Amino acid sequence: MAATLRLPARPGDHVARLRDLSLSGLSLLSPVPAPERSAMRVLTSGFDGVAVVVSCRRVGDSYQLHGELRSDAGRIELAG
């Protein structure tokens, strides 16, 4: 599923692909890497959530990001 990715260290919106979404986490393919333990915001047509990156692995020309969803998003600084 197409998604928009926002990362504090990389200004702007990045086009990503959401691969998996559960009650506690998510997995997506990103055009840019993200440091572990950094915040990321993921938006789709039916989802808008904040997660903390738990792993980032290069896969070809992309990066596979795994994140733990957070319920305290108001305390995590994100652009946008």
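**Exercise 1. Which residue in S4 does Arg6 stand opposite?**

Work through the strands, then the pairing, then the residues.

The model is predicted, so local features need pLDDT of at least 70 and side-chain atom pairs count only at pLDDT 80 or more, while totals for chains, interfaces and linings use all residues. Residues are numbered from 1 along each chain as its sequence is written, and side-chain values use heavy atoms, with hydrogens and water left out.

Step 1. The chain has 0 helices and 6 strands, in the order β-β-β-β-β-β along the sequence. Helices (H or I, at least four residues) and strands (E, at least two) are DSSP runs, numbered from the N terminus.

Step 2. Strand S1 covers residues 2-7 and strand S2 residues 10-21; they run antiparallel, joined by 6 bridges. Two strands pair if DSSP finds at least two bridges between them. Ala3 has Ala16 as its bridge partner in S2, and 2 residues lie between S1 and S2 in their hairpin.

Step 3. S1 also pairs with S4, in the antiparallel sense, over 3 bridges. In this pairing, Arg6 stands opposite Arg41.

**Exercise 2. Find the salt bridges and state the exposure of Arg6, Arg41 and Asp48.**

Step 1. A salt bridge is a side-chain nitrogen of Lys or Arg within 4 Å of a carboxyl oxygen of Asp or Glu. The structure contains 2 of them.

Step 2. One joins Arg6 to Asp13, with the closest N and O atoms 2.7 Å apart. The other links the side chains of Arg41 and Asp48 at 2.6 Å, N to O.

Step 3. Buried means under 20% relative accessible area, exposed over 50%, and partly exposed in between (1.4 Å probe, protein chains only). Arg6 counts as buried because its relative accessibility is 19%. Arg41, at 18%, is buried, whereas Asp48, at 46%, is partly exposed.

**Exercise 3. Describe the two loop residues Arg37 and Thr44.**

Step 1. Arg37 lies in the loop between strand S3 (25-30) and strand S4 (39-43). Its phi is positive, about 75°, although Arg37 is not a glycine. With a relative accessible area of 72%, Arg37 is exposed.

Step 2. Thr44 sits in the loop between S4 and strand S5 (48-59). Its relative accessible area is 16%, so Thr44 is buried.

Step 3. Contact means heavy atoms within 4.5 Å. Apart from neighbours within four places in sequence, Thr44 is in contact with Met1, Ala2, Ala3 and Leu18.

**Exercise 4. Which residues of the largest nonpolar core touch the most other members?**

Step 1. A nonpolar core is a set of buried Ala, Val, Leu, Ile, Met, Phe, Trp, Tyr and Cys residues joined through side-chain atoms within 4.5 Å.

Step 2. The largest such core has 17 residues, and Leu5, Leu7, Leu26, Leu28, Met40, Val42 and Leu65 touch the most other members. Two or more residues come from each of S1, S2, S3, S4, S5 and strand S6 (62-69).

Step 3. Take Val42 as a case. Outside its neighbours within four places in sequence, Val42 is in contact with Ala3, Thr4, Leu5, Leu26, Leu28, Phe47, Asp48 and Gly49.

**Exercise 5. What percentage of the 80 residues in the chain is buried?**

Step 1. Buried residues make up 42% of the 80.

Step 2. Among contacts in the chain with a separation of 6 or more, 44% are between residues 24 or more positions apart.
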